[in-house]
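Subject: Structure handover

Hello,

Here is the structure I said I would pass on, with my notes underneath. Please read them with the coordinates open.

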Amino acid sequence: MEAHPDDAPRRNLELKSRCRNLAQAREAVLQLGARDGAVLEQTDTYFHCSSGRLKLRETAGRGAELIAYARPDLAEVRASEYHLAPVDHPVRLKQCLASALGVRVLVVKRRELLIWHNVRIHLDDVEGLGTFVELEAVMGPSEDEAVSEAHIKLLAAALSLQPDDYIASSYGDLMQP
């Protein structure tokens, strides 16, 4: 059986940082020319797994997807490889995965999505954690990694993000005691 291109892992570069003022961050990226995407209400259920991270993301009004990903826990721009699978029956899948693997943590967030070049700008308000900016450069076959990293660094500077505020881990990891 021949592999379909969707079977290959996807790749992105990302940077996550605490952000004290999401409204100010929004204005800063709009001034750079970012365009509005959407406001997303998301619930991520993280499951125990032997390597990387596995989560079921449910987005109000948009459906669900299972996301398996691996990336280093570094508080800097870092690469991530991931697989996405659309989910038609998220409640049933969540029950199956919870039964087999166990739920690690639940993350509920309001995410405002903006787009600048190939970078998704996530302005996140995470229940129990606070407010964050996540910059995610989607790496397609024609994307240059150095250019994408430069875009992320330019956005970080425009947002006045400070290295001391960069986050090395996932929201799921931050929710753990």
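The buried residues of helix H3 are Ser148, His151, Ile152, Leu155 and Ala156. Seen down the axis of H3, they fall within an arc of 135 degrees, so they line one face of the helix. An α-helix has 3.6 residues a turn, so residues three or four places apart point the same way. The face turned away from the buried side of H3 carries Ala146 and Ala157, which are exposed. Bear in mind that this is a predicted model.

The partners of that buried side are strand S1 (10-18), helix H1 (22-31), S6, strand S7 (119-126), strand S8 (130-138) and strand S9 (166-167).

H3 itself covers residues 145-158, 14 in number, and reaches 20 Å from its first C-alpha to its last, close to the 20 Å expected. At its start, a side-chain oxygen of Asp144 comes to within 2.8 Å of the backbone nitrogen of Ala146. Just after H3, Ser160 has a positive phi of about 55 degrees.

Helix H2 (residues 90-101) also agrees with its expected length: twelve residues should span 16 Å, and the end C-alpha atoms are 15 Å apart. Gly102 follows H2, with a positive phi near 90 degrees.

One residue of strand S6 (residues 103-116) deserves a note: Arg111. Its relative accessibility is 4%, so Arg111 counts as buried. The Arg111 side chain makes a polar contact with the side chain of Glu134, at 3.2 Å. Leaving aside neighbours within four places in sequence, Arg111 is also in contact with other residues, among them Arg57, His122, Asp124 and Tyr171.

Regards

Note on methods. Residues numbered from 1 in each chain as written. Predicted model: local features only at pLDDT ≥ 70, side-chain atom pairs only at ≥ 80, totals over all residues. Heavy atoms only, no water. Helix = DSSP H or I, 4+ residues; strand = E, 2+ residues; numbered from the N terminus. Buried < 20%, exposed > 50% of the residue type's maximum accessible area, 1.4 Å probe, protein only. Polar contact = N/O pair within 3.5 Å; in protein donor to acceptor, adjacent residues only side chain to side chain. Contact = heavy atoms within 4.5 Å. Expected span 1.5 Å × (residues − 1). Arc of directions from axis to C-beta.
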